[in-house]
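Subject: A structure for you to explore

Hello,

Here is the structure I promised to pass on to you. Have it open while you read, and look up each place as we come to it.

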Amino acid sequence: MGSLGEEQPQVAEDCMGLLQLLSNGTVLRSKSIDLITQQIPLANHETVLFKDSVFHKPNNLHLRLYKPVLVSNRTIPVVVFFHGGGFCFGSRSWPHFHNFCLTLASSLHALVVAPDYRLAPEHRLPAAFDDAEAALMWLRDQAVSGEGDHWFEGGPGVDFDRVYVLGDSSGGNIAHHLAFRFGSGSVELSPVRVRGYVLLGPFFGGEERTKSEDGPSEQKLNLDLLDKFWRLSLPEGATRDHPMANPFGPTSPALESISIEPMLVIAGGSELLKDRAKEYAYKLKKMRGEKVDYIEFENEEHGFYNNSPSSDAAQQLLRIIGDFMDNFSNII
């Protein structure tokens, strides 16, 4: 209790009661994530093994590896999955992310790597981008050293020449950052070769509202919450036109001169973020032609593949991702 007359800190930002930022900079986090995960049970995939590993000791960052056990003797690709949560929430251990990664490993016959990253507002951007880069560097180390995690060895072997980055929501923003950070050929990651990027409902922003943002709220997402995520995650004082939020904002660097790997952008037709995802994909496609595709799932909301993993839409999404991986697996 403060001394008599001492002004008590006030709540400056409140995210669903799960995260509060006080006026003195203190961050309070609830230990309960039931409102986010809806008490989703952890799935049991008998055909997929998983385990946790540390990939960045200084920041105590972990990732989760998922490996299918019932595959042919052929080598399998690697899928690096970055979770969503507005840069403020989320973990590899959250049930809906965990279950989705199990499904990715089983359906795509791939080794899935699901890294955590530091969260805002304790660690504002670009912390998440830095941690995502560190995760890909860790993957490179596994390929180079020959003394890495034994899960990358043995049957089925892992093909480091076929790596794909998937990002969900804020993870989609991270995937964008990585695509332009490492560029075409991902030379810095050699012998790891990123063959493509999939952005699922990417979390982009901007000061000028889009039509979909001005539309009706979603069942689990509204514009006020999106704005809070930006205020909590961007550098203090930054607007939603900051380059880390708006890739095509007034102060964002030109992207035309950077060559990237193929990219697939996917959004739900009823998402608040739909128009930003579509505009992002169309602008990139205008620059790069056939290397960028946009697919929209009619009437689906943000994160439909996590919220209803057994739905027809979610199953179709997996087939589309699989086709994307097959189409760009052998391009030099």
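Let's begin in a loop: S169 sits between strand β8 (158-168) and helix α4. Please keep in mind throughout that this is a predicted model. S169 has a positive phi of about 60°, although it is not a glycine. That deserves a second look, because most residues other than glycine have a negative phi. Is S169 buried or exposed? With a relative accessible area of 8%, S169 is buried, because the cut-off for buried is under 20%.

There is another residue to set beside it. N299 is not a glycine either, and its phi is near 70°, again a positive value. You will find N299 in the loop between β11 (292-297) and α7 (304-307). Its surroundings contrast with those of S169: N299 has a relative accessible area of 59% and is exposed, while S169 is buried.

Now follow the chain from S169 into helix α4, where you will meet N173. This residue is buried, with a relative accessible area of 1%. Which residues does N173 touch, leaving aside its neighbours within four places in sequence? The contacts are F87, F129, P202, F203, F204, W230, M244 and A245. To see how the fold brings distant parts of the chain together, try N173 and G84: 89 residues separate them in sequence, yet their C-alpha atoms are 9.2 Å apart in space.

**Two pairs of helices**

Two packed helices are described by the angle between their axes and the distance between the axes. Helix α4 (residues 170-182) packs with helix α3 (residues 127-145) at an angle of about 60°, and the two axes are 10 Å apart. This angle makes α3 oblique to α4. The crossing of α3 past α4 is right-handed. On the α3 side, the contact is made by A128, F129, A132, E133, L136 and M137. On the α4 side, it is made by N173, I174, H177, L178, R181 and F182, so the N173 you have just visited takes part in this packing too. Sorted by class, the contact of α3 with α4 has eight nonpolar, two polar and two charged residues.

The second pair is α2 (residues 95-108) and α8 (residues 312-327), whose axes come within 10 Å and cross at roughly 55°. That makes α2 oblique to α8, and α2 passes α8 in a right-handed crossing. Here F100, T103, L104, S107 and L108 of α2 meet L317, L318, I321, G322 and M325 of α8. What classes of residue make up the contact of α2 with α8? There are seven nonpolar and three polar residues, and no charged ones.

**The loop before α3**

Next, go to the loop between β7 (111-115) and α3, where P121 has its place. A cis peptide bond joins A120 and P121, with omega at about 5°. P126 lies in the loop between β7 and α3 as well, and a cis peptide bond, with omega about 15°, joins L125 and P126. These bonds are worth pausing over, because most peptide bonds are trans.

R118 also has its place in the loop between β7 and α3. Leaving aside neighbours within four places in sequence, R118 is in contact with N59, L61, H123, A127, A128, D130 and D131. R118 and R92 are 26 residues apart along the chain, and their C-alpha atoms are separated by 12 Å.

**The core, and one more loop**

Which members of the largest nonpolar core touch the most other members? Of its 104 residues, the answer is Y197 and M263. Not counting residues up to four places away in sequence, M263 touches A179, Y197, L199, Y280, L284, K291, V292, D293 and F324. Notice that Y197 is itself one of the residues M263 touches.

Finally, look at E213 in the loop between β9 (194-200) and α5 (223-233). E213 is buried, with a relative accessible area of 5%. Beyond residues up to four places away in sequence, E213 touches E208, L223, L272 and R276.

Enjoy looking around, and send me your questions!

Best wishes

Definitions and conventions
Residues are numbered from 1 along each chain as its sequence is written. This is a predicted model: local features need pLDDT of at least 70, side-chain atom pairs count only at pLDDT 80 or more; totals for chains, interfaces and linings use all residues. Side-chain values use heavy atoms; hydrogens and water are left out. A nonpolar core is a set of buried Ala, Val, Leu, Ile, Met, Phe, Trp, Tyr and Cys residues joined through side-chain atoms within 4.5 Å. Buried means under 20% relative accessible area, exposed over 50%, partly exposed in between (1.4 Å probe, protein chains only). Contact means heavy atoms within 4.5 Å. Axes are lines fitted to C-alpha atoms, for helices over the stretch in contact, and angles run from 0 to 180 degrees between N-to-C directions. Helices (H or I, at least four residues) and strands (E, at least two) are DSSP runs, numbered from the N terminus. Angles under 35 degrees count as roughly parallel, over 145 as roughly antiparallel, 65 to 115 as roughly perpendicular and the rest as oblique. A crossing is left-handed if the near helix is turned anticlockwise from the far one by less than a right angle, and right-handed if clockwise. Ala, Val, Leu, Ile, Met, Phe, Trp, Tyr, Cys and Pro count as nonpolar, Asp, Glu, Lys and Arg as charged, and the others, Gly among them, as polar.
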